Amino acid sequence: MIQAIFGQLLLGLINGSFYALLSLGLAIIFGLLDVVNFAHGAQYMMGAFLAWMGLQYLGVGYWWALFLAPAAVGLTGILIERLFLRRLQGLDPLYGLLLTFGLALIIEGAFHRAYGNSGNGYPVPAALAGGFDLGFVYLPRYRAWVVLVSGMVCFVSWFVIERTRLGAYLRAGTENRRLLQAFGINVPLMFTITYGFGVALAAFAGVMAAPIYQVSPHMGSSLIMVVFAVVVIGGMGSIMGAIVTGVGIGLVEGFTKFLYPPAASVVVFVIMALVLLVRPAGLFGRLR
Amino acid sequence: MHRWIASAVLALSLGGRALAADAAKGKVSDDVVKIGVLTDMTGYYSDLSGPGSLEAAKMAAEDFGGKVLGKPIEVVGADHQLKAEVASTVARKWVDEEHVDAIVDLVSSSTALAVMPVAAQKKRITLLSGPGTTAITGEKCTPYTVHYTYNNWALAHGTGGAVVRQGGDTWYFITADYVFGKSLEADTAAVVKAAGGKVLGDALHPSPGTTDFSSYLLQAQASGAKIIGLANAGQDTINSIKQANEFGITKKQNLAGLLVFISDVHSLGLATAKGMYLTTAFYWDRDDASRKWAKRFYDRTKRMPTMVQAGVASAVGHYLRAVQAAGTDDADAVMAKMREMPVNDFFAQDGRIGPDGLHRHAMYLVQVKAPDESKAPWDYYKIVKTIPAAEAFPPVDEQRCPCTPAYADATKCPYLGK
């Protein structure tokens, strides 16, 4: 009994780490650019796919992929910002949502066309194979690594944004970009880099996910809805909210899977509806 | 999306419209024998069915010389997006406006069950290769349906029976939460219990849409069952197997994939899938005829055919031979010929279509090879046992199909007497 609860909670924590990584990127992008990045799931998939392609065609292993794939996908993000998103600035956020949604469909469709639908397996790196028997559950070493690394990445991102000068500029840009520009900060450049970074985070989560899930063109689309719900619950644009809610929702899902499994896939949306009723701006958000 | 599909279908059918202008005359209605492949072209099951099924149907038409009874054979395809309402809308359009004579494949049981009555009411034939539920030739049967490739009964008896005989007598199911998965679980559970085994529990997962199976696997692990039966398909099965390996579950418990396609094994890799037993209707490396046909399919698609795709080609070939033999494309006459003539081709030897519409042919219990046993690409299976048709599929009496002549009763079969 206790064993089962702990097992499910641990799995929840692992899933929560993914939610946190993904919703963090979304929150950063929305916070500064006011763009609801619907391409996030596709960019997550691209990260996983680039890792797989690197291994398949170039012999680039997991550890390199962990840096190279996010960098490459981040670059495509920078291009997207420069070529498209920039033109939508000042318009209703709905335009950005539609644009990124369209991009997601195109990207997923292209990968589907090239690689089919069943996807490809990606091996767990040798150093992280195997696992620990915790008594109540067998914890694969790789999943422990996922929790550890996403925890670190989330902490570093939070620290940079909340505690450094660069982060102060970012936060200032979220509040009032015109004023920031008046102080001589290159705000358009900051936008580009921020979008690129948010996208790179998605791709990073993708590389982390590659050894766990099948690397397939639609791996992101099943995850993205939950991640959006996480961001809405946490408060659109709130960094802390995204991280805490991501992990929290993972745990709640895990607990629901223990109590009443069929409800596990909807519990996050029920929570979202409740939170919106009580705190329309989300748990950590502020109305603007 | 609906509109897009509709216009695509419309575009595909323009050729047919021109022919249809001069009213039906002669023995072939509308002067064309038109075959519509309706399946999942882009979604979860598109690798095991999808464009490959369309290609397989085209190959069958080409093998027939592109003409039957002097009239052209036309093959069209459409995407049902795994949605029952999309499937029945396309089917209705095909049947009412576009002179489609036979609708083929229909992967996923819910789409098949939605299309069968639409086609049967207008006396059009459905040749099902992708779906598995036994209801197709059971209580939901029609006089115009052929369930061609496999059904859940065959999978349950093939794999379930073999596993229990080898000592795997306690089971826990991880089941896709829709018609197909539940029916597969029920059929397998019945086989397990009949053989003296026990079912300790099950976990239903949403499908499609589940990527993380670890919590279901953990429940299966906690149950202590010797065998974890995967009553799901495609991506769901792939992720279940992959994650079962990751969590070390396969060290103490064994997996039984109840519906595993060669496309799944291909993307899992032999290192992960090795040793698994599964039941299939077709394996390319079985004999000269199957190798020859599969090689042609491979040259066109760069993949070896799944049993669903091979079944589509064989079913279309059998249908065309029946049209030829009947001298007409009238559904009643063609169905009678299809039942009368045995299937002898690269897919089946002496396959017989029963009065219930079920195609009874040999099935194969296979085991996935270990990486060092595999000599060439797609060299994946060892055939452990050939299951003869009489053992592989349920007898007609057990089916309770109200449309079989033995049960014929106009009140219970809505399609007779019209």
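These exercises with worked solutions go through a predicted model of two chains, A and B.

**Exercise 1. Describe the make-up and overall dimensions of chain A.**

Step 1. Start with the secondary structure. Chain A has eleven helices and two strands. In sequence order the pattern is α-α-α-α-β-β-α-α-α-α-α-α-α.

Step 2. Turn to the dimensions. Along the principal axes, the C-alpha atoms of chain A fill a box of roughly 60 × 50 × 35 Å.

Step 3. Compare with a globule. A compact globule of 288 residues would have a radius of gyration near 19 Å, and the 19 Å of chain A agrees with this.

Step 4. Look at burial and contacts. Of the 288 residues of chain A, 52% count as buried. Where contacts in chain A join residues at least 6 apart in sequence, 78% are between residues at least 24 apart.

**Exercise 2. Do the same for chain B.**

Step 1. Chain B contains 15 helices and 15 strands.

Step 2. Its radius of gyration is 21 Å, and the globule rule gives 22 Å for 418 residues; the two values are close, so chain B is as compact as a globular protein of that length.

Step 3. The box filled by the C-alpha atoms of chain B, taken along the principal axes, is roughly 70 × 50 × 40 Å.

Step 4. In chain B, 60% of the 418 residues count as buried. Among contacts in chain B between residues at least 6 apart in sequence, the share joining residues at least 24 apart is 71%.

**Exercise 3. Into which domains is chain B divided, and how do they meet?**

Step 1. Read off the bounds. Domain 1 of chain B covers 2–150 + 288–356, and domain 2 covers 153–280 + 364–387.

Step 2. Locate the centres. The C-alpha centres of the two domains of chain B lie 29 Å apart.

Step 3. Take the contacts. On the domain 1 side 16 residues take part, in contact with 18 residues of domain 2 of chain B.

Step 4. Sort the domain 1 side by residue type. The residues of domain 1 of chain B that touch domain 2 comprise eight nonpolar, seven polar and one charged.

**Exercise 4. Work out the open sheet of chain B that contains strand 11.**

Step 1. Find the order. Three strands of chain B form this open sheet in the order 11-14-15, with antiparallel pairing.

Step 2. Identify the edges. Strand 11 and strand 15 (381–387) of chain B each have a single partner strand, so one side of each is left without a neighbour in the sheet. From one strand to the next the twist averages 30°.

Step 3. Examine each pairing. Strand 11 (residues 277–280) of chain B pairs with strand 14 (residues 363–368) of chain B over four bridges; in this pair, Tyr277(B) stands opposite Gln367(B). Strand 14 of chain B is joined to strand 15 by six bridges, and Leu365(B) stands opposite Lys385(B) there.

Step 4. Add the helix. Helix 5 (residues 152–165) of chain B packs on the sheet and touches strand 11, strand 14 and strand 15; its direction makes about 150° with that of strand 11.

Step 5. Check the side chains of strand 11. Tyr277(B) and Thr279(B) point one way, Leu278(B) and Thr280(B) the other way, and all are buried.

**Exercise 5. Work out the open sheet of chain B that contains strand 1.**

Step 1. Six strands of chain B form this open sheet in the order 2-3-1-4-5-6, and the pairing is mixed.

Step 2. The edge strands are strand 2 (67–68) and strand 6 (145–147) of chain B, each pairing on one side only.

Step 3. At the strand 2 edge, two bridges join strand 2 of chain B to strand 3 (residues 71–79), and the two run antiparallel. Val68(B) stands opposite Lys71(B).

Step 4. Two helices remain to be placed. Helix 4 (residues 109–121) of chain B packs on the sheet, with a direction about 155° from that of strand 5. Helix 12 (residues 307–326) of chain B lies across strands including strand 1 and strand 4, running at about 155° to strand 4.

**Exercise 6. Which elements of chain B touch chain A?**

Step 1. Count the residues. Contacts involve 27 residues of chain B and 28 residues of chain A.

Step 2. List the elements. Strand 8 (198–205), helix 7 (214–223), helix 8 (234–246) and helix 9 (262–268) of chain B each give two or more residues to this side. Helix 8 of chain B supplies the largest share, five residues.

Step 3. Sort by residue type. The side of chain B that touches chain A has nine nonpolar, 13 polar and five charged residues.

Technical notes:
Residues numbered from 1 in each chain as written. Chains lettered and ligands numbered in written order. Predicted model: local features only at pLDDT ≥ 70, side-chain atom pairs only at ≥ 80, totals over all residues. Contact = placed C-beta atoms within 7 Å. Nonpolar A, V, L, I, M, F, W, Y, C, P; charged D, E, K, R; others polar. Domains from an automatic or database assignment. Rg over C-alpha atoms; globule rule 2.2 N^0.38 Å. Buried ≥ 20, exposed ≤ 12 C-beta atoms within 10 Å, placed from the backbone. Pairing = 2+ DSSP bridges. Axes fitted to C-alpha atoms, helices over the stretch in contact; angles between N-to-C directions.
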